[in-house]
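Thank you all for making the time this morning. I would like to go through one chain with you, beginning with a cut-off and then working from single residues out to the whole.

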Amino acid sequence: AVPLRLGALAWLGSLGLTSVFVGMLYLVGLVRAPLLVGIVLPTTAFGMLIPILRGTHDLDSNFVRYVFGAAAIGELGPLILAPLVLAQAHQHLHQTLLSMAFLAIAIAAIVFARSLRS
């Protein structure tokens, strides 16, 4: 829980820094779609981290747990944020909210199933 919480705080911080950076690029005229660029920049290549960390660290170490926590949020945050931003721009908010409700139910089912394990 702590690695995910710290990962979420780190991702929100990087999202804030990205907002400032993309805002400046938009004011200068180098970016035409600031929301899309702002969502893409703070993402994490989670799949790239696994082989790198497997080769250099023990996968059960605290360091790896914290890196995976940050990477998981770095992947999940944009996956949740992008459809909301794009749906609002294209008037598909209802469908996106239904997808988010399904995601919440799936996460709740996973948490519930894990609590039943012996």
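Let me begin with the word buried, which I will use for a residue with under 20% relative accessible area, while exposed means over 50% and partly exposed covers what lies in between. Please keep in mind throughout that this is a predicted model.

With that cut-off in hand, take A82, which lies in helix α4, residues 62-90. A82 counts as buried because its relative accessibility is 17%, and the limit is 20%. Its C-alpha atom is separated by 7.4 Å from that of L36, although A82 and L36 are 46 residues apart along the chain.

Now let me step back to the overall layout. The chain has five helices and zero strands, so that, if you read along the sequence, you meet the pattern α-α-α-α-α. There are 118 residues in the chain, and 19% of them count as buried. The accessible surface comes to about 8500 Å², and 72% of that area belongs to carbon and sulfur atoms. If we take the contacts between residues at least 6 apart in sequence, 52% of them join residues at least 24 apart.

How confident is the predictor, in terms of the average pLDDT of the chain? That average is 79, and 88% of the residues score at least 70. Among the elements, helix α1, residues 2-28, has the highest mean pLDDT, at 87, whereas helix α3, residues 46-56, has the lowest, at 73.

Let me stay with α1 for a while. Its 27 residues should span 39 Å at 1.5 Å a residue, and because its end C-alpha atoms are indeed 39 Å apart, the expected and computed values agree. After α1 comes G29, whose phi is positive, near 100°.

Which residues of α1 are buried? They are P3, G7, W11, L15, T18 and V22. As general background to such a list, an α-helix has 3.6 residues a turn, so residues three or four places apart point the same way.

One of these buried residues is T18, which lies in α1 and has a relative accessibility of 9%. Leaving aside residues up to four places away in sequence, T18 touches G23, V37, G38, L41 and P42.

There is also an outward side to consider, since α1 gives the most to a nonpolar patch, with three residues. That surface patch, of about 370 Å², is made by V2, L6, L9 and Y66. Of these, L6 lies in helix α1, and L6 is partly exposed because its relative accessible area is 46%, which falls between the limits of 20% and 50%.

Finally, let me turn to helix α5, residues 93-116, where we find L97. Is L97 buried or partly exposed? L97 counts as partly exposed, because its relative accessibility is 47%. In sequence L97 and L84 are 13 residues apart, and in space their C-alpha atoms are 7.8 Å apart.

I will stop there, and I am glad to go back to any of these residues on the screen.

Notes: Residues are numbered from 1 along each chain as its sequence is written. This is a predicted model: local features need pLDDT of at least 70, side-chain atom pairs count only at pLDDT 80 or more; totals for chains, interfaces and linings use all residues. Side-chain values use heavy atoms; hydrogens and water are left out. pLDDT is the predictor's confidence in each residue, from 0 to 100. Helices (H or I, at least four residues) and strands (E, at least two) are DSSP runs, numbered from the N terminus. The expected span of a helix is 1.5 Å times one less than its number of residues. Buried means under 20% relative accessible area, exposed over 50%, partly exposed in between (1.4 Å probe, protein chains only). Patches are made of residues with over 30% relative accessible area and no salt bridge: like charges are joined within 9 Å, nonpolar side chains (Val, Leu, Ile, Met, Phe, Trp, Tyr) within 5 Å. Accessible areas come from the Shrake-Rupley method with a 1.4 Å probe; for residues, only the protein chains shown count as cover. A salt bridge is a side-chain nitrogen of Lys or Arg within 4 Å of a carboxyl oxygen of Asp or Glu. Contact means heavy atoms within 4.5 Å.
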